[in-house]
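The exercises below are to be worked with the sequence and the coordinates side by side. Each task is followed by a solution that proceeds step by step.

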Amino acid sequence: MAERQEYVTAVKEIRYLSEDTVYVGIECPDIADRAVPGQFVNISCGKFLKRPFGIASVNKDKGIFYIGVKIVGDGTKKISEFEEGSKVEVLGPLGNGFDFTGVDKAILVSGGTGVFPVNFAAEYLKGTDTKFTVVQGFRDSSQIILNDPSYVLTTDKGDRGIKGTCIQGLDSLTPDQIEGSVVYCVGPIIMMKFVGQWAESHGLKCYVSMEQRMACGIGICLCCIVKVKADNKDGYYNKRCCKDGPVFDYEEVIW
Ligand SMILES: Cc1cc2nc3c(=O)[nH]c(=O)nc-3n(C[C@H](O)[C@H](O)[C@H](O)COP(=O)(O)OP(=O)(O)OC[C@H]3O[C@@H](n4cnc5c(N)ncnc54)[C@H](O)[C@@H]3O)c2cc1C
Ligand code: FES
């Protein structure tokens with residue numbers, strides 16, 4: 001796995017994807033070159049702590065990696081105000097990322113901002129022999145971003161694509177898309193739990209990318225704990241989402 005490093009670099013591109021979500025291209029040839037899908041970066045935002053974001057895409061030729069940022073608070077608001085040339089401190093690439101080794105067929109499922117790491121995974125798998133299907137879930141049509149006509153699209157409101165959640169999207173897949181697949185999922189915790197249950201009921205392996213609140217991002221502060229099953233007196237032990245994850249086997253997580 002790529003070693004993390006700290007960089008002081010600059011924003012190269014920034015544009016709005018929707019009313020409350022910006023797409024930011026950051027110059028960093030090392031990260032663009034070494035990051036694997038499912039990994040994340042910590043980005044400075046003029047606040048005390050850097051904020052974590054999944055890597056959404058890389059352009060190795062230009063030496064730029066991209067993150068998508070939904071504005072939910074002060075830090076993400078500050079990032080949305082970055083301009084081309086703004087100085088930014090970046091720590092990354094962080095975390096384990098998705099393992100596609102030996103996977104012939106994959107189903108990539110995203111909910112909300114999970115669309116970003118799933119975008120990078122789809123981009124990566126296009127260059128491999130692994131067949132894949134993408135299922136995207138959004139609240140309503142105004143939230144749809146980074147969509148491709150080949151994807152299975154769902155909206156809670158039903159104003160575009162299949163009405164319902166990713167589960168209705170997964171239920172619409174053909175046996176050929178399902179059989180023998182490994183499922184990779186990023187989204188709200190409740191959605192990942194249901195996607196894991198769906199995978200289990202179809203006899204499929206499922207990996208989920210957890211997005212705990214983080215501080216240090218490098219395994220020191222222990223504020224991003226994920227409880228996983230263990231054969232000890234407590235029945236669990238703690239893993240660090242930032243360092244041991246963010247990708248976990250669905251079956252090991254205590255939901
Ligand atoms: C590994 C990882 C990858 C992530 N990838 C992305 C991404 O690709 N795009 C994206 O837009 N966001 C992503 N996030 C979430 C993002 O880091 C937070 O939204 C951001 O840190 C909030 O900062 P803030 O200062 O704007 O908000 P704050 O003022 O810190 O919080 C505002 C609101 O957001 C909630 N919040 C903050 N952090 C999280 C979190 N980790 N999970 C759920 N709710 C949170 C708070 O509870 C609060 O309600 C990711 C988080 C992790 C841990
Ligand atoms: S954020 Fe500090 S240990 Fe994970």
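**Exercise 1.** Leaving aside its neighbours within four places in sequence, which residues is V195 in contact with?

*Solution.* The model is a predicted one, in which local features need pLDDT of at least 70, side-chain atom pairs count only at pLDDT 80 or more, and totals for chains, interfaces and linings use all residues. Residues are numbered from 1 along each chain as its sequence is written, while chains are lettered from A and ligands numbered from 1 in the order in which they are written. Two residues are in contact if their C-beta atoms, placed from the backbone, lie within 7 Å. With sequence neighbours within four places set aside, V195 touches V109, C166, V183, C185 and C206.

**Exercise 2.** Place V195 in the largest nonpolar core, and find which helix gives the most to this core.

*Solution.* A nonpolar core is a set of buried Ala, Val, Leu, Ile, Met, Phe, Trp, Tyr and Cys residues joined through C-beta atoms within 7 Å; buried means that 20 or more other C-beta atoms lie within 10 Å of the residue's own, placed from the backbone. The largest such core has 69 residues, and V195 belongs, with V41, F65, I67 and L108, to those with the most contacts inside it. Helix α3 (residues 115–125; helices are DSSP runs of H or I, at least four residues, and strands runs of E, at least two, numbered from the N terminus) gives the most, with eight residues. Ten of the eleven residues of α3 are buried, among them F116, F120 and L125. The buried residues of this helix pack against β4, β5, β7 (105–111), β8 (131–138), β11 (182–186) and β12 (206–209).

**Exercise 3.** Explain why ligand 1 lies between two domains, and describe its shell.

*Solution.* The domain bounds, which come from an automatic or database domain assignment, divide the protein chain into domain 1 (5–94), domain 2 (98–209) and domain 3 (211–255). Because domain 1 and domain 3 both give residues to the shell around ligand 1, the ligand lies between them. A residue is near the ligand if its C-beta atom, placed from the backbone, lies within 6 Å of it; of the 21 residues around ligand 1, R51, K70, G73, G75 and T76 come nearest. The elements giving two or more residues to this shell are β4 (51–59), β5 (64–70) and α2 (74–80).

Notes:
A residue is buried if 20 or more other C-beta atoms lie within 10 Å of its own, exposed if 12 or fewer, and partly exposed in between; C-beta atoms are placed from the backbone.
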